[in-house]
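Dear colleague,

Please find the structure below, handed over for your records. A summary of what was found in it follows.

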Amino acid sequence: MSEFDRILLLGTGPASIQLAVACRRMWQSRVAIAGRESVRSAAFFEAMHAGHSLASASVQNDQHYAMAGECVFDGVFRGYETVQGQWDTLILAVTADAYLEVLKRLPPGVLREAKCLVLVSPTFGSNRLVHSYMRSIRPDAEVISCSTYFGDTRWLNGDPTNRVITAAVKRKINLGSTEARSVNVRRLQAGFARLGIAADILNSPLAAETRNISLYVHPPLFMNTFALQAIFEPGDIPKYVYKMFPEGPITPSLIGDMLAQWNEMMGIVDRLRIPRLNLLQFMTDDNYPVRPESLPRAEIERFEQLEPIHQAYLLYVRYASLLIDPFSEPDKEGRYYDFSAVPIRPVFVNKEGCLDIPRMPKEDYYRIKIIQGIARHLGAECPTIDRFIDKYEETIRRAAAASYVVPLSEAFAVQTFEEDVKRICDNWEV
């Protein structure tokens, strides 16, 4: 019997529907889904009830046909506390800052029966966090980290329902497990291969968790004066995440900060004896490629040996080369697809009627605070990371002190994430 015969998906976002369809395709699993009760999730649960627990995933590009399909769930649990039955594998498809909250809400019996937990979108240290929590409940439970979610999946018509569409699929992800010779990781690797995704198995979960591009690019892109003003004090003219100033935040100074933060991360990685990451190669080979006319292969491969000013130049060239999709077909006027036109989302009123902060940078705040906590524990200096956090916290303090006609979500509170940092760093011998 395989640990993937009975799977419980935790979280009711679009990725959970795609994952359910993928699990059925990969292993013909029994699959259930659970989520917290909220104004936002109500529409999802109502759609599942009306559709007799049937959900479907479609794809934007025919080449990703393996992702398309349907899944009739074997259980739909409205509230984590209501989960029943025995589930061998729990797939956490919620944001990394919610891992402990979700696990604490599950009935103890469900956790005691779980043999394997898969973290779909962890951040650096998430595996240690979950493994620490499970140690007192089921010490032998395996915890597997994916480097990142494998696609770009959205609600089919924009609002929560039982239908999603996957617009893009990654060519490669990375996996790391608490078990040195994990059969489950091999099964995951084979399953991903059937979906057309290469999955590299790394020596540790932490190594896999370093292979998430958001760790390196989101803090400099969002925790700067330009982006924060566009988020918290938006004007009539939109600003864009990946565009050069004045359309977006990218300047030589921002690229310098990106490079400095990468160096601080590598300082942490070195202390933990985890393989280093060539930032430019990772950006190019594992994320979005550019044409060799813009970035020659030799420059990419020797990036780590170059002087900082040369490294910053190459990173700037990389972003300039992706203002358009260099592999798209030009239209009759010679214009390529405007690849960089990703709007910076401003604060918004959420389904609960509270003013809220967009996922970027709300999730990035958690990510970078955890990294800061790990750096403190290891005695590693991280002045750039400290500055990003100070800038962001100063902004949300100022925003929280302003007068609004609606209440504020808890995202406007400065947080320490002390319990998570303590669990990650406890008994960590380096």
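**Helix H15 and its surroundings**

In this predicted model, the buried residues of helix H15 are Thr-384, Ile-385, Asp-386, Phe-388, Ile-389, Tyr-392, Glu-393, Thr-395, Ile-396 and Ala-399. The helix itself runs over residues 383-401, 19 residues in total. From its first C-alpha to its last it reaches 27 Å, close to the 27 Å expected at 1.5 Å a residue. The cover over the buried residues of H15 includes four helices: H8 (214-222), H9 (225-232), H10 (252-271) and H14 (359-378).

**Nonpolar cores**

Helix H10 also supplies the largest share of the largest nonpolar core, namely nine residues. That core has 102 residues, and Leu-8, Leu-90, Phe-124 and Ile-268 have the most contacts inside it. Leaving aside residues up to four places away in sequence, Phe-124 touches Leu-206, Glu-209, Thr-210, Leu-215, Met-265, Ile-268, Leu-272, Ile-274, Ile-370, Ile-371 and Ile-374. There is also a second, separate core of 44 residues, with Ala-15, Ala-66, Val-185 and Leu-195 among them.

**Strand pairing around S3**

Strand S3 (residues 54-59) pairs with two strands, S4 and S10. With strand S4 (residues 69-72) the pairing is antiparallel, over four bridges, and Ala-57 stands opposite Gly-69 there. With strand S10 (residues 163-169) the pairing is parallel, again over four bridges; in S10, Thr-166 is the bridge partner of Val-59.

Yours sincerely

Note on methods:
Residues numbered from 1 in each chain as written. Predicted model: local features only at pLDDT ≥ 70, side-chain atom pairs only at ≥ 80, totals over all residues. Heavy atoms only, no water. Expected span 1.5 Å × (residues − 1). Buried < 20%, exposed > 50% of the residue type's maximum accessible area, 1.4 Å probe, protein only. Contact = heavy atoms within 4.5 Å. Pairing = 2+ DSSP bridges. Core = buried A, V, L, I, M, F, W, Y, C linked by side-chain atoms within 4.5 Å.
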